[in-house]
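Dear colleague,

I am handing over the structure below, and my notes on it follow. Please read them with the coordinates open beside you.

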Amino acid sequence: MSFGYPPEVVYGAVLVISALLTVLYFFFSDVLDGLFDVAAHPLFSPQLVLSFFIVASAVGLLAEWYTDWASRWIVGLSVGVALIVVLLLHFFVFLPLRSAEASLGYTDAELEGSLAKVIVSVPPDGFGEILISRQSGVVAKAAKSANNEAIPSGEEVIIVQMENGVAVVARHDPYHLSI
């Protein structure tokens with residue numbers, strides 16, 4: 001008996017509360033990240049702490065239901081399994097995601113001078129859409145004409161500059177050299 005309740009009730013309560021906190025953290029992580037900035041070490045991130053409690057309580061609950069082991073052995077088993085799962089999550093899921101997230105970033109200034117293909121025609125006084133090929137994939141951006149001329153779909157353009165997320169483009173003529 002823990003806290004005056006059977007172990008199954010304690011494990012179940014921890015499981016439900018941890019799952020609810022995980023869902024809340026999923027939706028409000030941007031707001032709550034400031035509250036969890038106490039520990040700078042990535043092993044103490046809210047995702048891993050909540051994962052630890054979910055796995056530990058689930059293993060403890062299942063072990064209480066399906067084995068006749070003493071509760072102290074079940075607590076040790078559930079903590080050990082949860083530590084292994086959290087370490088695996090940290091090294092094989094969260095660390096690769098963190099490094100992949102940094103490599104996909106680009107700034108608007110980096111797009112200037114890039115070649116792109118018009119996928120939605122750009123009218124002389126309106127907006128169209130272009131597709132930019134990058135090493136990390138393709139990026140679609142809104143575009144307007146630099147010379148106030150119509151640019152049809154399928155035309156190759158060069159990004160002259162970026163203005164508030166909109167690409168200002170001009171036709172690309174690979175045979176015209178201006179010295």
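In strand β3, V139 is the residue that bridges to I132. The model is a predicted one, in which local features need pLDDT of at least 70 and side-chain atom pairs count only at pLDDT 80 or more, while totals for chains, interfaces and linings use all residues. Residues are numbered from 1 along each chain as its sequence is written, and side-chain values use heavy atoms, with hydrogens and water left out.

The strands β2 (residues 128-134) and β3 (residues 137-145) pair in the antiparallel sense over 7 bridges, and together they make a hairpin with 2 residues between them. Strands and helices here are DSSP runs numbered from the N terminus (E, at least two residues, for strands; H or I, at least four residues, for helices), and two strands are taken to pair if DSSP finds at least two bridges between them. β3 also pairs with strand β5 (residues 166-171), in the parallel sense and over 3 bridges, and in that pairing A143 stands opposite A167 of β5. These strands belong to a closed barrel of 5 strands, which runs β1-β2-β3-β5-β4 with mixed pairing. The twist from one strand to the next averages 55°, with axes fitted as lines to C-alpha atoms (for helices, over the stretch in contact) and angles running from 0 to 180 degrees between N-to-C directions.

Turning to the charged side chains, I find that the structure holds 5 salt bridges, each being a side-chain nitrogen of Lys or Arg within 4 Å of a carboxyl oxygen of Asp or Glu. One of them joins R134 and E110 at 3.7 Å, N to O, and this pair links distant parts of the chain, since R134 lies in strand β2 and E110 in helix α4 (residues 108-111), 24 residues apart. R134 is partly exposed at a relative accessible area of 28%, where buried means under 20%, exposed over 50% and partly exposed in between (1.4 Å probe, protein chains only). R171 in strand β5 meets E149, in the loop between β3 and β4 (156-163), 22 residues apart, with a salt bridge of 3.6 Å, N to O. R171 also meets E155 in a salt bridge of 3.3 Å, N to O, and E155 lies in the loop between β3 and β4, 16 residues from R171. Salt bridges that share partners thus join E149, E155 and R171 into one network. R171 counts as partly exposed at 34% relative accessibility, as does E149 at 26% and E155 at 25%.

Among the helices, α2 (residues 46-66) has 21 residues and reaches 30 Å from its first C-alpha to its last, close to the 30 Å expected, a span reckoned as 1.5 Å times one less than the number of residues. Several residues of α2 are buried, including L48, L50, V55, A56, V59 and L61. A56 and G80 are 24 residues apart in sequence and 8.1 Å apart in space, C-alpha to C-alpha; G80 is found in helix α3 (residues 71-103) and counts as partly exposed at 29% relative accessibility.

Lastly, L21, found in helix α1 (residues 7-32), is partly exposed at 42% relative accessibility.

With best wishes
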